[in-house]
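Q: I should like to learn how the features of a protein model are read. May we take them in turn, with the general idea before the case at hand?

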Amino acid sequence: MRHRTVSDLMTTSVVKVHRDTGFKEIAKLLAEHDITAVPVVNDEDRVMGVVSEADLLRKEAAQLGPAGLLPVLHPGPADRAKAEATTAAGLMHSPAVTAGPQWTAVEAAQVMERHRVKRLPVVDEAGRLVGLISRADLLRVFLRSDSAVREEISGEVLLRTLGIMPGAVTVRVVDGRVSLKGRVERKSLVPVVIRLCQGVDGVVDVSAELRHRVDDTSSAPGPEASRRAELAP
């Protein structure tokens, strides 16, 4: 099994700015490229931070209203500093939350969720910018065809990983929803099969009707084990 990595999905043509890039230039870049954030890099292309639309909007939110009224919000010192900033150095969030090109799509999605961000600059081992991965990029794993998902489950999961021979389990995939039907050798394999299928890129849901030949999950001794216990000295 091979999960799609960040390097498979990321955008490599990244719009970026430097610490001294001005407020209006950043706003112009966001509008021209229809993006919501840009990484900030130094002269060696190492990522120093990220400036997002939310960072720029702090300045507008801090302005006086049409009637000359003061802003309703009462920002703290950090927010006030950002509202007064005129370059990327003062506007950016730093340090940036980044991803590695070798990460799986699952790892990148988990980091985005944990940090409540919509995109991650992708950096190499030296911290240099090599790409950008967004939520939209990660969702591309669900664009895999049903036939590709079915082939991976049948070939990689069932046959090569678990040793389940072709024909023992029928795999059906419709719109990413996987249905498994058939028989496996041991009862303990059933949850393993389901869990591995759920981990295949592009799978939305897994349902299973799997019988088993041997129940290896029962703690009660079988007849043969009981006879051996009776004969033991």
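Q: How many helices and strands does the secondary structure of the protein come to?

A: The protein has 10 helices and 8 strands, where helices (H or I, at least four residues) and strands (E, at least two) are DSSP runs numbered from the N terminus. The model is predicted: local features need pLDDT of at least 70, side-chain atom pairs count only at pLDDT 80 or more, and totals for chains, interfaces and linings use all residues. Residues are numbered from 1 along each chain as its sequence is written, and side-chain values use heavy atoms, with hydrogens and water left out.

Q: Where in the protein is confidence lowest, and where is confidence highest?

A: The quantity to read is pLDDT, the predictor's confidence in each residue, from 0 to 100. The protein averages 88, and 83% of the residues score at least 70. Confidence is lowest in helix α10 (residues 223-231), with a mean of 50, and highest in strand β1 (residues 17-18), at 98. Over residues 228-233 the pLDDT is below 50, and this stretch has 0 contacts in the model beyond near neighbours in sequence; a contact means heavy atoms within 4.5 Å.

Q: What share of the contacts in the protein with a separation of 6 or more comes from residues 24 or more positions apart?

A: Such residues account for 61% of those contacts. As for burial, 33% of the 233 residues count as buried, that is, under 20% relative accessible area, with exposed over 50% and partly exposed in between (1.4 Å probe, protein chains only).

Q: Is A54 buried or partly exposed?

A: A54 counts as partly exposed because its relative accessibility is 46%. A54 lies in helix α3. The C-alpha atoms of A54 and L91 are 9.7 Å apart, with the two positions 37 residues apart along the chain.

Q: Which residues of helix α6 are buried?

A: An α-helix has 3.6 residues a turn, so residues three or four places apart point the same way. In α6 (residues 105-115) the buried residues are A105, A108, V111 and M112. Seen down the axis of α6, these fall within an arc of 130° (taken from the directions from the helix axis to the C-beta atoms), so they line one face of the helix. Their cover includes α1 (6-9), β4, β5 (129-134) and α7 (135-138). After α6 comes R116, whose phi is positive, near 55°.

Q: What volume does the largest pocket have, and which residues lie nearest its centre?

A: Rolling a probe the size of a water molecule over the atoms shows where empty space is left. On a 1 Å grid over the protein atoms alone, a cavity is a set of points where a 1.4 Å probe fits but cannot get out; a pocket is an open set with protein on both sides within 12 Å along at least five of seven lines; lining residues have an atom within 4 Å of a point. Here the largest pocket has a volume of about 380 Å³. It is lined by 19 residues, of which V50, S52, H93, V117 and R119 lie nearest its centre. The largest share of this lining, 4 residues, comes from α3.

Q: Which residues line the largest cavity?

A: The search of the whole structure finds 1 cavity of 30 Å³ or more. The lining of the largest cavity consists of A37, V38, P39, V50, R119, P121 and L132. Two elements, β2 (37-41) and β4 (119-123), give two or more residues to this lining.

Definitions and conventions:
Points joined across faces, edges and corners; volume = space filled by probe spheres on them.
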